[in-house]
Amino acid sequence: MRTKSRSGDSGEVLLRQMAARRRRDNIIVTVLAVLAVLGGGHAVLSWFDSPPPGPSDETTVGIIGRSQLAQSFAREFVVTYLTASTDQQERVAQYVSAGQQITLPSNHRQVADSQVVHAARKMSAGNVEVWSVTVSVQMGGASGAAAAGKDGPIRQYYRVAVSVTDGLRALAIPTLVERPARGGDLALSYSATCAADTPLAQVATGFVKAYLSGSGDMNRYTVLNSEIVAPSPSPFTTVETASVTSDDSGCGTTGSTAHVLATVNAKGAEGGIPTLAYPLTLVRNTGQWQVQSVDPIPALRTPLTIVADQTQGGGAPAQATTTAPSTAVSVPPARQN
């Protein structure tokens, strides 16, 4: 009888275990079905995929990050090196091998306005990269008068080779290099000088005055919804037009679109500033010229043309002599954009 009872108990236990396993399997199937509906089959299958690879040097730092590191290091090294004196060898040793033959001056030199002007990766092998970085600095000042030119502080350019591994190190001390060469002038497309009473000059003059001084309603001179926003608060109290040139030889007597370069002399509460230039695009709407945009760059001659030195015998810049005919223009009435 005891044996039979134990056998019955074992059967009941087995049945309970099977029922529990069936309930657990049903729960798992239900959960998977819900996940498949909510997140798609990919979410379910991803459970059985191998985990994504861990972060690598390229994914965590990358070329851009290494470039920034090399540039920052080179800039600090150049400034430290140029300002170090005889008793500060240890400052230089933080950046470059102390085994190099280095002679530091006894006087302290002043360096200001350091900035990276060029950086290029020259070599790459495994975890090692070599960067060439050029740093521009302003030499001179009260304690650096020997490095200053007759016109005051001068700008010099120093190139540094930097290795980027687990850390940063200069391969050699800085190299003084030539400053960037003076480039040629790109020819502008403003071939005509517009008299003050021509259509383009009147609109351009009225616009820049309203734009810079808040004198007058700027909406009178701009196309509807031009999205031109004047500086606020107005930076100047008086604005005088110095010249207006255009790619339209008639300065607005004909045509429907024109590019204009207006140069102005402005004064504020603290006095005058150097002449400013405003490249504008003007369009003719219902017979009236209006400003469509303040352009980010002046209008250039197409195809792009590099012109020779535009100075004449006396050293003054060569100027266009074309003068547009004098034609009066009426200003559109005030309106709201």
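1. A salt bridge is a side-chain nitrogen of Lys or Arg within 4 Å of a carboxyl oxygen of Asp or Glu. Keep that cut-off in mind for R155 and D113. Their closest N and O atoms are 2.5 Å apart, and the two residues form a salt bridge. R155 lies in strand β3 (residues 154-164) and D113 in strand β1 (residues 111-125), so the pair ties together parts that are 42 residues apart in sequence. R155 counts as partly exposed, at 22% relative accessibility. D113 is partly exposed too, with a relative accessible area of 46%. Please read all of this with one caution: the model is predicted.

2. How many salt bridges does a search of the whole structure find? It finds three. Besides the R155 and D113 pair, R66 meets E129 through their side chains, at 3.9 Å from N to O. R66 sits in helix α3 (residues 62-83) and E129 in strand β2 (residues 128-139), so this pair links parts that are 63 residues apart in sequence. R66 is buried, at 2% relative accessibility. E129 is buried as well, at 2% relative accessibility.

3. E129 has another partner. The side chains of R121 and E129 also meet in a salt bridge, with an N to O distance of 3.0 Å. R121 is partly exposed, with a relative accessible area of 36%. Salt bridges with shared partners therefore join R66, R121 and E129 into one network.

4. Now look at the strands around this network. β1 and β2 pair in the antiparallel sense, over 11 bridges. Within the pairing, A119 stands opposite V133 in β2. The two strands form a hairpin with two residues between them. There, G126 takes a positive phi near 65°.

5. Which residues have the most contacts inside the largest nonpolar core? They are F207 and L282, in a core of 28 residues. At least two residues come from each of α5 (199-213), β8 (238-246), β9 (257-268), β11 (276-285) and β12 (288-294). The largest share, nine residues, is supplied by α5. A second, separate core has 24 residues. V92, Y95, V133 and V160 are among them.

6. L282 deserves a closer look. Set aside its neighbours within four places in sequence. L282 is then in contact with L200 and V203. Its contacts also include S256, T257, A258 and V260. W289, Q290, V291 and Q292 complete the list.

7. The structure holds one disulfide. It joins C194 to C251, with an S to S distance of 2.1 Å. The torsion about this S-S bond is about -90°, so the disulfide is left-handed. Where do the two cysteines lie? C194 is in the loop between β7 (192-193) and α5, while C251 is in the loop between β8 and β9. The pair therefore ties together parts that are 57 residues apart in sequence. Both ends are inside: C194 is buried, with a relative accessible area of 7%, and C251 is buried, with a relative accessible area of 0%.

8. S246 is in strand β8. Is S246 buried or exposed? At 0% relative accessibility, S246 counts as buried. The cut-off explains the label, because buried means under 20% relative accessible area. A polar atom of the S246 side chain lies 3.0 Å from the backbone oxygen of H259. Leaving aside neighbours within four places in sequence, S246 is in contact with residues including S189, Y190, S191 and A192. The disulfide residue C194 is also in contact with S246. So are L200, A258, H259 and V260.

9. The last point concerns V96. This residue lies in the loop between α4 (89-93) and β1. V96 is buried, with a relative accessible area of 1%. What does V96 touch, not counting residues up to four places away in sequence? It touches F77, I102, R169, A170, L171, A172 and I173. Take F77 as one example. V96 and F77 are 19 residues apart along the chain, and their C-alpha atoms are separated by 8.6 Å.

Key. Residues are numbered from 1 along each chain as its sequence is written. This is a predicted model: local features need pLDDT of at least 70, side-chain atom pairs count only at pLDDT 80 or more; totals for chains, interfaces and linings use all residues. Side-chain values use heavy atoms; hydrogens and water are left out. A nonpolar core is a set of buried Ala, Val, Leu, Ile, Met, Phe, Trp, Tyr and Cys residues joined through side-chain atoms within 4.5 Å. Buried means under 20% relative accessible area, exposed over 50%, partly exposed in between (1.4 Å probe, protein chains only). Helices (H or I, at least four residues) and strands (E, at least two) are DSSP runs, numbered from the N terminus. Contact means heavy atoms within 4.5 Å. A disulfide is a pair of cysteine sulfur atoms within 2.5 Å. Two strands pair if DSSP finds at least two bridges between them. A polar contact is a pair of N or O atoms within 3.5 Å; within protein, one must be able to donate a hydrogen and the other to accept it, and residues adjacent in sequence count only if both atoms are side-chain atoms.
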